[in-house]
Structures are given as structure tokens and as C-alpha cells.
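Welcome, and thanks for taking a look at this one with me. Below is a short tour of the fold, from the inside out.

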Amino acid sequence: MHRTIVSTAAAVALATVLTACGGSDLSVGDDGADVESSQGPDAAADAGAVPSDTEQTPTAAPSSTEPFGAKVGDTLSLSGAAGLGGSGQVQSDTTLNAYEDDAEPAMATFGAGPGQRLVAAEFTILSTGDTAYDDPGNIGAQVVDADGNAYAAKPGDPTAGTSLPLNLYLPPGEEATGWMIFDVPEDAEITSVTYQMDPLLQPDDKQNRGTWTVLD
């Protein structure tokens, strides 16, 4: 008991002296131990404080539908996949020849549903690799509207011409030309057309997806 009283008195005396000399970052605990104070102006920095989320500047996420500068009539070089167990380099020169923002179906069964309209895009695909490009002909095509919504192609012909073959097989040096049709909302503003080679076999990136702007 006597030892505790003496220790406490000594600690109080030390704190008094330090305060008289201009303050300290130490305070006295209930048991007489020195405790670090959080009152100093540099306390947060000394403790390695991390700014709150509201103080951090977020990085904007990239848009997956941003056009890359190509327009109707331009040719883009794209890369594909050799397929399961295949080998060689699959490549194409793909051209968006034309785009129709209000297309007509060759047959009523190809028409758009209620509240929708039909749009159409014509492609030429030239196989430029050292092995054949083998892909469903319309599975990699989409049109994208101003809100970033994408609409996939569907089978069928427009009155403008014959559709691209549904089973596309192009040995090196061969090409195919044809239309693809899409159902979109009646009021959708289509801004771009995209085509991806072998979407079921490889990730979607700039090497295998071409984007063409169709706005005037």
C-alpha cells in the first residue's frame, strides 16, 4: 500500500514538471503508467492514420462500349482462337460495309416484336491467318445504344440482302459478306456496331472485338 502511494505521487510530480515546461504527449493513467495522448496536432499523422473513403478520389471505370474511332467502311484486323485442341493463328480483316437504322425484314417472321424495330449491319470478313476461321456467323455481333445497352444479332435476312452464313468457315484467304439483323427498342439510339471473333473461346478484349461508330 505504501509503495503504491509513493509511485502515484512520483508520477503526478513528473507530469506537473513536464506541463510547466510546455506540455507533453504523455498523461498519467489510473495505475500511474505513462499513456500516449491523442491531443497533439500531429497525433493522426504519427499514428499513420488512413484518410476516410470520402477523402479518396475514385478511379473511373472504363467503358466497355466506347467506340475506338472506326466508322462504316473501315476495316479492322481482329484475332480469333484456334478452337479446342487446334493450333495456328486465326485472324481476320473485318469490314463494316453498311448499317441500316430502320431495316425491313425479307420475311415477316424476321420482323421485330411489339415496341421494337429492326436494324441491320453488313460485314465482310476475310480470313488472314494461317488456319481457318470457324465460328457461328452472327454470335459475335452486337449493336450498342447511347445508354450502353447491347443487343445481339438474330438469324434472318433484311430486304437489303442475304444474311451472313450461320455456320461461318473461312480457310486462309477466303472471305464472306452478309447482313446481320438485330431487334432494338423503337426509341433506342444506336451508336455503334461491334463484332467479336470466337466469343465462346476467348475473353472479350480489343484484340478480338472490333467497334464501329454509326452516328453521323
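Which residues of the largest nonpolar core touch the most other members? They are Phe123, Val143, Phe182 and Tyr195, out of the 28 residues that make up this core. Strand 5, strand 6, strand 8, strand 9, strand 10 (167-170), strand 11 and strand 12 (190-196) each contribute at least two residues to this core. Please keep in mind throughout that this is a predicted model.

**The chain as a whole**

Two helices and 13 strands are found in the chain. Of its 216 residues, 31% are buried. Taking contacts between residues at least 6 apart in sequence, 69% link residues at least 24 apart. The chain exposes about 12900 Å², and 51% of that comes from carbon and sulfur atoms.

**Two cores**

Phe182 is a good place to begin inside the largest core. Setting aside neighbours within four places in sequence, Phe182 is in contact with Arg117, Leu118, Val119, Ala120, Ala121, Ala141, Gln142, Val143, Tyr151, Ala152 and Ala153. Val143, another of the four residues that touch the most other members of the core, is thus among the contacts of Phe182.

Apart from the largest core lies another, of six residues, including Ala103, Phe110, Ala120 and Trp179. Trp179 sits in strand 11 and is buried, at 8% relative accessibility. Beyond its neighbours within four places in sequence, Trp179 has contacts with Ala98, Glu100, Ala120, Ala121, Glu122, Pro158, Ala160, Gly161, Thr162, Ser163 and Leu164. With one of these, Glu122, the side chain of Trp179 makes a polar contact of 3.5 Å. For Leu164, the C-alpha atom is 5.3 Å from that of Trp179, although the two residues are 15 apart along the chain.

**Thr124 in strand 6**

Thr124 belongs to strand 6 and is buried, at 14% relative accessibility. Its side chain joins that of Asn97 through a polar contact of 2.8 Å. Leaving out neighbours within four places in sequence, Thr124 is in contact with Asp93, Thr94, Thr95, Asn97, Glu175, Ala176 and Thr177.

**Salt bridges**

Side chains of opposite charge can pair when their charged atoms come close. The structure holds two salt bridges, listed here.

| Acidic residue | Basic residue | N to O distance |
|---|---|---|
| Asp101 | Arg117 | 3.1 Å |
| Asp183 | Lys154 | 3.0 Å |

What does each pair tie together? In the pair of Asp101 and Arg117, Asp101 lies in the loop between strand 5 (91-100) and strand 6 (116-127) while Arg117 is in strand 6, so the bridge links parts that are 16 residues apart in sequence. Asp101 is partly exposed, at 37% relative accessibility, whereas Arg117 is buried, at 12%.

In the pair of Asp183 and Lys154, Asp183 belongs to strand 11 (residues 175-185) and Lys154 to strand 9 (residues 150-154), so this bridge links parts that are 29 residues apart in sequence. Lys154 is buried, with a relative accessible area of 18%.

**Loops and the surface**

Ala106 lies in the loop between strand 5 and strand 6 and is partly exposed, at 45% relative accessibility. Not counting residues up to four places away in sequence, Ala106 touches Asp157, Pro158 and Thr159. Its C-alpha atom is 8.3 Å from that of Gly161, and the two residues are 55 apart in sequence. Pro158 also appears among the contacts of Trp179.

On the surface, Ile139, Leu200 and Leu201 form a nonpolar patch with about 290 Å² of accessible area together. Ile139 is in the loop between strand 7 (133-136) and strand 8 (141-145), and is partly exposed, with a relative accessible area of 37%.

One last stop is a backbone detail. Most residues other than glycine have a negative phi. Asp198, however, has a positive phi, near 45°. Is Asp198 buried or exposed? At 1% relative accessibility, Asp198 counts as buried, and its place is in the loop between strand 12 and strand 13 (209-213).

Definitions and conventions:
Residues are numbered from 1 along each chain as its sequence is written. This is a predicted model: local features need pLDDT of at least 70, side-chain atom pairs count only at pLDDT 80 or more; totals for chains, interfaces and linings use all residues. Side-chain values use heavy atoms; hydrogens and water are left out. A salt bridge is a side-chain nitrogen of Lys or Arg within 4 Å of a carboxyl oxygen of Asp or Glu. Helices (H or I, at least four residues) and strands (E, at least two) are DSSP runs, numbered from the N terminus. Buried means under 20% relative accessible area, exposed over 50%, partly exposed in between (1.4 Å probe, protein chains only). Patches are made of residues with over 30% relative accessible area and no salt bridge: like charges are joined within 9 Å, nonpolar side chains (Val, Leu, Ile, Met, Phe, Trp, Tyr) within 5 Å. Accessible areas come from the Shrake-Rupley method with a 1.4 Å probe; for residues, only the protein chains shown count as cover. Contact means heavy atoms within 4.5 Å. A polar contact is a pair of N or O atoms within 3.5 Å; within protein, one must be able to donate a hydrogen and the other to accept it, and residues adjacent in sequence count only if both atoms are side-chain atoms. A nonpolar core is a set of buried Ala, Val, Leu, Ile, Met, Phe, Trp, Tyr and Cys residues joined through side-chain atoms within 4.5 Å.
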